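Subject: Structure for you to look at

Hello,

The structure you asked about is below, with the sequence. Please open both before reading the notes that follow.

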Amino acid sequence: MKQKEMEDSMIRLFRKMLKIDFSSHLHGISREEFFMLEVIDRGCEMDSREEGISVSAIAKALDVSSPAVSRMVRGMERKGYVTRRCGRWNRRNTMVRLTEKGTLTYGDSKKELDRWFLRVMDYMGQKDMEQLLKLWDKLAQGFVTDHSLCGVYVKGDGQT
């Protein structure tokens, strides 16, 4: 395959991958809400204190600004998925926890996505899936490395 054909194939594949919409597997929440619920769930699981996870820690994990997280947390609080309060140790921190509704919604969505991913992985097969993930990671690293050499910020590469 010639370079131009590979470039065209890669662009077509990227477009195809971007069209994949897994939101139909989520239980009444958006993809962004799912990712936030996941970060809050993991953050609270890792920190055994009852306090929750800070807005700044959520922002760092999602690679978005704290004000954007605060807006989303307010909306999710109105929907009954999370609670927020001032930090016990530092009153300037806003701490976030899942409610029972948030825990159930996240858990149901996660189970549905897990079932979907298992079907896709079964279709691919163990060996092909492992090879794909290894090559996909290498491709992503190539793009990140190229951007860092050119001084361009790549979302999620840990730079701020």
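Helices (H or I, at least four residues) and strands (E, at least two) are DSSP runs, and they are numbered from the N terminus. Glu-33, for example, sits in helix H2.

Two remarks on how the values were made. This is a predicted model, in which local features need pLDDT of at least 70 and side-chain atom pairs count only at pLDDT 80 or more, while totals for chains, interfaces and linings use all residues. Residues are numbered from 1 along each chain as its sequence is written, and side-chain values use heavy atoms, with hydrogens and water left out.

The chain as a whole

The protein chain has 6 helices and 3 strands. Read from the N terminus, their order is α-α-β-α-α-β-β-α-α. The chain has 160 residues, and 24% of them count as buried. Here buried means under 20% relative accessible area, exposed means over 50%, and partly exposed is in between (1.4 Å probe, protein chains only). About 11,800 Å² of the protein chain is exposed, and carbon and sulfur atoms supply 56% of that area. Accessible areas come from the Shrake-Rupley method with a 1.4 Å probe; for residues, only the protein chains shown count as cover.

A contact means heavy atoms within 4.5 Å. Among contacts in the protein chain with a separation of 6 or more, 54% are between residues 24 or more positions apart.

The core

A nonpolar core is a set of buried Ala, Val, Leu, Ile, Met, Phe, Trp, Tyr and Cys residues joined through side-chain atoms within 4.5 Å. The largest one has 23 residues, and the members that touch the most others are Met-36, Leu-37, Ile-40, Ile-58, Val-69, Val-82 and Val-96. Two or more residues come from each of helix H2 (31–46), helix H3 (55–62), helix H4 (66–78), strand E3 (94–98) and helix H5 (100–124). H2 gives the largest share, 6 residues.

Three of these members can be followed by their contacts, starting with Ile-40. Not counting residues up to four places away in sequence, Ile-40 touches Ile-53, Ile-58, Val-82, Val-96, Arg-97 and Leu-98.

Val-96 is in strand E3 and is buried, because its relative accessibility is 0%. Beyond four places in sequence, its contacts include Ile-40, Cys-44, Ile-58, Val-73 and Val-82. Val-96 and Ile-53 are 43 residues apart in sequence, yet their C-alpha atoms are 5.3 Å apart.

Val-82 belongs to strand E2 (residues 82–86), and its relative accessible area of 2% is why it counts as buried. Leaving aside neighbours within four places, Val-82 is in contact with residues including Leu-37, Ile-40, Met-76 and Val-96. Between Val-82 and Gly-102 there are 20 positions in sequence and 6.1 Å in space, C-alpha to C-alpha.

Residues in helix H5

Which residues does Leu-113 contact, leaving aside its neighbours within four places in sequence? They are Phe-22, His-25, Leu-26 and Phe-34. Leu-113 is in helix H5 and is buried, with a relative accessible area of 3%. Leu-113 and His-25 are 88 residues apart in sequence but 6.0 Å apart from C-alpha to C-alpha.

Thr-105 is also in helix H5. At a relative accessible area of 10%, Thr-105 is buried, and outside its neighbours within four places it contacts His-27, Ile-29 and Tyr-81.

Back to Glu-33

Is Glu-33 buried or exposed? Glu-33 is buried, because its relative accessible area is 8%. Leaving aside neighbours within four places, Glu-33 is in contact with Met-72, Met-76 and Lys-79.

A loop residue

Most residues other than glycine have a negative phi. Asp-63 has a positive phi, near 60°. Asp-63 lies in the loop between H3 and H4 and is partly exposed, at 25% relative accessibility.

Regards
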